[in-house]
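Dear colleague,

I am handing over the structure we spoke of, and I would be glad if you could look through it alongside the notes below.

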Amino acid sequence: MKQHITVADAAPPPRTARYSHAVKAGGFLYVTGQLPIDPDNPAAPLPPTIEAQTELAMLNIRRIVAAAGYGLEDTVFVRIFLAEFERDYVGMNSVFHRYYDDDAVMPGRTTVGVARLGRGALVEIDMVLFRQAP
């Protein structure tokens, strides 16, 4: 059985796109890629730095994950898309490693440089989490 999750206090999808914030299936939670949209002011301009943008993407992810009954410690795999890979890789990691700081239990991860992201964002993050059914 799967469950489609939309979270009221996370950044909403743009009007031109329709998707669930996450889909829960068989203990897995698949979180849709999150741009650095301020969930409390979705129309606000994006912050200028990779650090601030990564924080906003992670804020949305934390809200989605919590609403689905998971925690970041349940993360299995993360995909990170960077519009300016060479310039922003270190800055993005400075934020990412605050959320995942134990080298012994790091999730799998792929970081990809891309030509462009929605809204001119510098970063987009999606992830897969897993929690054993009680």
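What follows covers the nonpolar cores, one partly exposed arginine and the aromatic rings.

Please keep in mind that this is a predicted model. Its largest nonpolar core has 26 residues, and those with the most contacts inside it are Leu29, Val31, Ile61, Val65, Ile80, Ile125 and Met127. At least two residues of this core come from each of strand E3 (28-34), helix H1 (50-67), strand E4 (75-82), helix H2 (85-99) and strand E6 (123-130), with H1 giving the largest share, six residues. Leaving aside neighbours within four places in sequence, Ile125 is in contact with ten residues' worth of surroundings that include Thr32, Thr54, Ile61, Val78 and Ile80. A second, separate core of seven residues includes Ala11, Ile37, Leu117 and Ala121.

Helix H1 also holds Arg62, which counts as partly exposed because its relative accessibility is 33%, between the cut-offs of 20% for buried and 50% for exposed. Not counting residues up to four places away in sequence, Arg62 touches Leu72 and Tyr99. The C-alpha atom of Arg62 is separated by 8.9 Å from that of Ala10, although the two residues are 52 residues apart along the chain.

As for the aromatic rings, the structure holds four aromatic pairs, and one aromatic cluster is formed by Phe28, Tyr30 and Phe130. Two arginines have their charged ends placed over rings: that of Arg109 sits over Phe96, 4.7 Å from the ring centre, and that of Arg131 sits over Tyr70, 5.7 Å from the ring centre.

With best wishes

Conventions. Residues numbered from 1 in each chain as written. Predicted model: local features only at pLDDT ≥ 70, side-chain atom pairs only at ≥ 80, totals over all residues. Heavy atoms only, no water. Core = buried A, V, L, I, M, F, W, Y, C linked by side-chain atoms within 4.5 Å. Buried < 20%, exposed > 50% of the residue type's maximum accessible area, 1.4 Å probe, protein only. Helix = DSSP H or I, 4+ residues; strand = E, 2+ residues; numbered from the N terminus. Contact = heavy atoms within 4.5 Å. Phe/Tyr/Trp six-rings, centres within 6.5 Å; stacked < 30°, edge-to-face > 60°. Lys NZ or Arg CZ within 6 Å of the ring centre and 35° of its normal.
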